[in-house]
Amino acid sequence: RLNAELAAWPSKSFYDGRLRPAGPNRERKLVLQDSPAQDPDLEPFDAVLRDPASAVFIPTTDPTARSRNLQDAERVASLCAAAIAGGLAPHEIGVVTPFRAQGRTIRRALAERLGWHTAQGIVAVTVERMQGQERELVILSLATGNLRFLAAIAGFFFQPERLNVSVTRAMTKLVIIGPELPPEFQAVDSEMARWLALYRSLLAQARRIEL
C-alpha cells in the first residue's frame, strides 16, 4: 500500500529491507487540485500537503501537553480542511494517535472546523483501532510535548510495534506531529536506547516543517 518513499523506513527498521512496494502505488504521490486552498489560514497547511516529501514532521510546540494537545488537534483539523479543499475525500484521510484523550480532542476539532457530517468521514482513532486500515493521507498526532511525562510513559510511547503500525497506514502522504527529543533525553537501558534511536531515525527521514 505504501509508496516507495514511505516504505523505505519501515523496510529498513523492521523487515531487513525485505518490504518493497510493488504495482502502480510504488511511485505515486499525493495529488491535490492545481489551485491551492482559497482560505489564507489554510495556506501553510496546504503547503505541507503539497511538499514533495511523502513524509513530513511538524514539531509539537506545547511543552505542557501530555495525552491531550488542543493546539495539535487544531493543526490536524486545518490539515484535513486543506486536504479536502484540495480535492481529497474525507474517507481518504486517517488520523492516528496513541491516546484516547487526543482522539476525542481531534474529533471535536474536526467537527468544529468541518461540520459534523464531513468530520464523520475522517477516521480519527488510536493506533490499535487503525491497525489493518489504510488511507491516502495519514496524520500521526503524538500529542505529548512534556518531556518528563514522555519519560514516564516511554515504554508505551516508543514501543516499536505501535510505531510500525502508526506509520504504515499511509499510501502516499504521512504527516507526523510530535515531540523532538533533545540530546539529553536518554534511555535507562539498552532496549529503550534502541527504541529512542528508532524514533529519532523516523523523524530524521521526514521533511521537517515548522508551523
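This tour proceeds through a predicted model, from one helix and its surroundings to a strand residue, a further helix and a helix pair.

**Stop 1: helix H3**

Begin by selecting residues 70–85, which form helix H3. The helix comprises 16 residues and spans 22 Å between its first and last C-alpha, close to the 22 Å expected at 1.5 Å a residue. Next, colour its buried positions: Asp72, Ala73, Arg75, Val76, Ala77, Ser78, Leu79, Cys80, Ala81, Ala82 and Ala83. To see what covers these buried residues, display helix H2 (43–50), helix H4 (100–114) and the strands E1 (55–59), E2 (93–97), E4 and E5 (170–178), against which they pack.

**Stop 2: the H2 and H3 crossing**

Keep H3 and add H2. Their axes approach within 8 Å and cross at roughly 70°. An angle of 65 to 115 degrees counts as roughly perpendicular, and H2 and H3 are therefore roughly perpendicular to each other. On the H2 side, show Phe45, Asp46, Val48 and Leu49; on the H3 side, show Arg75, Ser78, Leu79, Ala82 and Ala83, since these residues make the contact. By class, the contact of H2 with H3 contains six nonpolar, one polar and two charged residues. A general point about helices assists in viewing such a side: an α-helix has 3.6 residues a turn, so residues three or four places apart point the same way.

**Stop 3: Ser141 in strand E4**

Now select residues 135–141, strand E4, and centre on Ser141. Is Ser141 buried or exposed? Its relative accessibility is 0%, and Ser141 therefore counts as buried. Show its contacts beyond the neighbours within four places in sequence: Asp72, Val76, Val96, Thr97, Pro98, Gln102, Ile106 and Ile177. Among them, Asp72 and Val76 are buried residues of H3, the helix of the opening stop.

**Stop 4: helix H9**

Select residues 160–167 for helix H9, which is mostly covered, with seven of its eight residues buried. The buried residues to highlight are Pro160, Arg162, Leu163, Asn164, Val165, Ser166 and Val167.

**Stop 5: the H1 and H10 pair**

Finally, select H1 (residues 4–14) together with H10 (residues 190–204). The two helices pack at an angle of about 160°, and their axes lie 11 Å apart. This angle makes H1 roughly antiparallel to H10. The crossing of the pair is right-handed. Display Trp9, Ser13 and Phe14 from H1, which meet Leu198, Ser201 and Leu202 from H10. By class, the contact of H1 with H10 has four nonpolar and two polar residues, and no charged ones.

Key. Residues are numbered from 1 along each chain as its sequence is written. This is a predicted model: local features need pLDDT of at least 70, side-chain atom pairs count only at pLDDT 80 or more; totals for chains, interfaces and linings use all residues. Side-chain values use heavy atoms; hydrogens and water are left out. Helices (H or I, at least four residues) and strands (E, at least two) are DSSP runs, numbered from the N terminus. Buried means under 20% relative accessible area, exposed over 50%, partly exposed in between (1.4 Å probe, protein chains only). Contact means heavy atoms within 4.5 Å. Axes are lines fitted to C-alpha atoms, for helices over the stretch in contact, and angles run from 0 to 180 degrees between N-to-C directions. Angles under 35 degrees count as roughly parallel, over 145 as roughly antiparallel, 65 to 115 as roughly perpendicular and the rest as oblique. A crossing is left-handed if the near helix is turned anticlockwise from the far one by less than a right angle, and right-handed if clockwise. Ala, Val, Leu, Ile, Met, Phe, Trp, Tyr, Cys and Pro count as nonpolar, Asp, Glu, Lys and Arg as charged, and the others, Gly among them, as polar. The expected span of a helix is 1.5 Å times one less than its number of residues.
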